[in-house]
Number of protein chains: 2
Amino acid sequence: MVMNQQDLDLTFGALADATRRGMLVQLSQGESNVSALAEPYNISQPAISKHLRVLEKAGLIERRRQGREQIVRVKPERAAAAADWLAYYTQFWKQQFDAVENYLKNVKKQKKK
Amino acid sequence: MVMNQQDLDLTFGALADATRRGMLVQLSQGESNVSALAEPYNISQPAISKHLRVLEKAGLIERRRQGREQIVRVKPERAAAAADWLAYYTQFWKQQFDAVENYLKNVKKQKKK
DNA sequence: TTAAAACATAACCAAATGGTTATGAATCAA
DNA sequence: TTGATTCATAACCATTTGGTTATGTTTTAA
């Protein structure tokens, strides 16, 4: 999946909150309705709704109605794409870091001489 | 590296902005001073300073003084840990997604009968 | 039929975010 | 020595964010 800048904004933004990450972790165990998802957190029900909306706008979850319940399930594509993005650049950052480390080490050696 | 919730908040939060991601991408090519980093963006210099501060607080970059210049370089550990976190759960989200897909497919088949 | 359950939505609030202009400090170059 | 360069910091502003309470809607269960 190709992620544009806005997708990355929304995805990383959604992941930048412990409550929302907790919900995603919970959903890795299986589908859930909203009440069950809310249970571990002692914030109000509307606050939970807002978090779910953020996750939905980021494309990280999907909802379907089942009677009066709302069944939430995870949608892994965006998260996978964000993980790929991060892994891709991490590789270069590591290379860059090592290169600079070696350079600084050499400079130190030169000074000792 | 073990990431606590606050580290993940800061790291994903820092990544949730296109300007900051652009800076990190730029830094994957090598160290840079602040002016060179700022060049592609037409926002004010203090705005650049703020973005750098966010990246620094998240532990994604490091700075050192060199005369009147500030040399910025990337620090890959946090990004790597965040990438690991994402990759780890993505695996379960994919499993979960596939399981639900199969379940829903079976339900459809049953209905056809 | 009526009360409870499971949500969404609206209105509001404080704090955080991303931007600005103005200003100042340190360093370098002429 | 003085002016330009390279930055940081302070003060301010509008918007976003994460929370709240109040209220309404739909569905289920008694």
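**View 1. Residue classes and elements at the surface near DNA strand C.** In this predicted model, the surface near DNA strand C comprises 8 charged, 8 polar and 5 nonpolar residues. In total, 21 residues surround the strand, and the closest are S35(A), S49(A), S44(B), K50(B) and H51(B). Of the atoms of DNA strand C that come within 4 Å of the protein, 59% belong to sugar and phosphate. At least two residues of this surface come from each of helix 3 (34-38), helix 4 (45-57) and strand 3 (69-74) of chain A, and from helix 4 (45-57) of chain B.

**View 2. Polar side-chain contacts to DNA strand C.** On chain A, a polar side-chain atom of Q45(A) is placed 2.7 Å from a base nitrogen of DNA strand C, while a polar side-chain atom of S49(A) lies 2.4 Å from a phosphate oxygen of the strand. On chain B, an N or O atom in the side chain of R20(B) is 3.2 Å from a phosphate oxygen of DNA strand C.

**View 3. Aromatic pairs of F12 and W85 in chains A and B.** Over all chains, the whole structure contains 13 aromatic pairs. One of them joins F12(A) and W85(A) edge-to-face, with 5.9 Å centre to centre and 70° between the planes; F12(A) belongs to helix 1 (residues 5-15) and W85(A) to helix 5 (residues 76-112) of chain A, 73 residues apart. Both residues, F12(A) and W85(A), are buried. In chain B, the ring centres of F12(B) and W85(B) are 5.9 Å apart and their planes stand at 65°, so this pair is edge-to-face. F12(B) and W85(B) are likewise buried.

How values were computed: Residues numbered from 1 in each chain as written. Chains lettered and ligands numbered in written order. Predicted model: local features only at pLDDT ≥ 70, side-chain atom pairs only at ≥ 80, totals over all residues. Heavy atoms only, no water. Near = heavy atom within 4 Å. Polar contact = N/O pair within 3.5 Å; in protein donor to acceptor, adjacent residues only side chain to side chain. Helix = DSSP H or I, 4+ residues; strand = E, 2+ residues; numbered from the N terminus. Nonpolar A, V, L, I, M, F, W, Y, C, P; charged D, E, K, R; others polar. Phe/Tyr/Trp six-rings, centres within 6.5 Å; stacked < 30°, edge-to-face > 60°. Buried < 20%, exposed > 50% of the residue type's maximum accessible area, 1.4 Å probe, protein only.
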